[in-house]
Amino acid sequence: MLERFRTAKAGEIRALEALAAQKAMPAPFTGARAAFGAALQQPGLSAICEYKRASPSKGEIEMALSPEEVARQYQEGGASALSVLTEEVYFKGDLAFLDRMTFTGLPLLRKDFIFHPLQVARTAATPASALLLIVRMFSDAGLLRELLDMTHALGMEAVVEVFDEKDLEMAREVGSRIIQVNNRNLDTLQTDLAICGRLVQDRSIAEVWIAASGISTPEDRLHVAALGYDAMLVGTALMQGGAPKRALQTLLA
């Protein structure tokens, strides 16, 4: 699955390489970026709410609601941060969504398949507070460390996603501060909250931990909170049905 996503990003990377060769890359964003990690370290389980129009496992989820409308509903519903899917082929996203959702003042996470330095540089030209780095996208720690350091140097934070103990070991090897545990099996696309239950046993108090995928009910939320997570990332359960604010309030009830 991740190789399919890597292939889908090839055109984007070629376009960025052409811009870089012409010295025409967009300049870094000069405005203030809301602190992402700090927003998740509040009492209780913080909610990172995702603007997710489609996915490989669900197909089209909700294509009618604009980024602005969903951002407003999430803000009113109690979101601590926003996750913005920008991958175009499988998730129907767009990098421009980040600019369109910044009016809330909430921290923005660029959720995409990022594995090239120019993708980090391009993200820095947006108001994103953080970007996603998936350990499985890297064959060794060297490039992951390079992109993590580059992200920090450009004034952003990195959410480093892991699927198992081996991923977690590499995430820590490069000095990751924000760990996101994905409960999805990449082969079957099924989710299992036992994954976040298993990996959190090894958490460090100095790290921020996020549980992602498979959280859709108040019972799921309470389970994740009891495990000691700082935040949950929820997308499909909030977007499907076309009423993100109501779905978020139900989840947080």
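Is Phe91 buried or exposed? I looked this up before anything else, keeping in mind that the model is predicted. Phe91 comes out buried, at a relative accessible area of 9%.

**Aromatic pairs**

I searched the whole structure for ring pairs and got six aromatic pairs. One of them is Phe5 with Tyr90, an edge-to-face arrangement with 5.2 Å centre to centre and 75 degrees between the planes. I checked where the partners sit: Phe5 is in helix H1 (residues 2-8), while Tyr90 is in the loop between strand E4 (81-85) and helix H5 (96-100). That puts them 85 residues apart, so I noted the pair as a link between distant parts of the chain.

Then I pulled the accessibilities. Phe5 is buried, with a relative accessible area of 4%. Tyr90 gets 22%, and I have it down as partly exposed because the buried label needs under 20%.

Phe5 also pairs with Phe91, and this one is tilted: 5.9 Å centre to centre, 50 degrees between the planes. Phe91 lies in the loop between E4 and H5, 86 residues from Phe5 in helix H1, and this pair too links distant parts of the chain. Following the ring pairs onward, I get a cluster made of Phe5, Tyr90, Phe91 and Phe113.

**A charge over a ring**

I looked at Arg6 next. Its charged end sits over the ring of Phe115, 4.7 Å from the ring centre.

**Core**

Last stop was the largest nonpolar core, which has 81 residues. Among the members touching the most others are Phe36, Tyr74 and Tyr229. I listed the contacts of Tyr229, skipping neighbours within four places in sequence, and found Val181, Ile210, Trp209 and Arg203 among them.

Methods: Residues numbered from 1 in each chain as written. Predicted model: local features only at pLDDT ≥ 70, side-chain atom pairs only at ≥ 80, totals over all residues. Heavy atoms only, no water. Core = buried A, V, L, I, M, F, W, Y, C linked by side-chain atoms within 4.5 Å. Buried < 20%, exposed > 50% of the residue type's maximum accessible area, 1.4 Å probe, protein only. Contact = heavy atoms within 4.5 Å. Phe/Tyr/Trp six-rings, centres within 6.5 Å; stacked < 30°, edge-to-face > 60°. Helix = DSSP H or I, 4+ residues; strand = E, 2+ residues; numbered from the N terminus. Lys NZ or Arg CZ within 6 Å of the ring centre and 35° of its normal.
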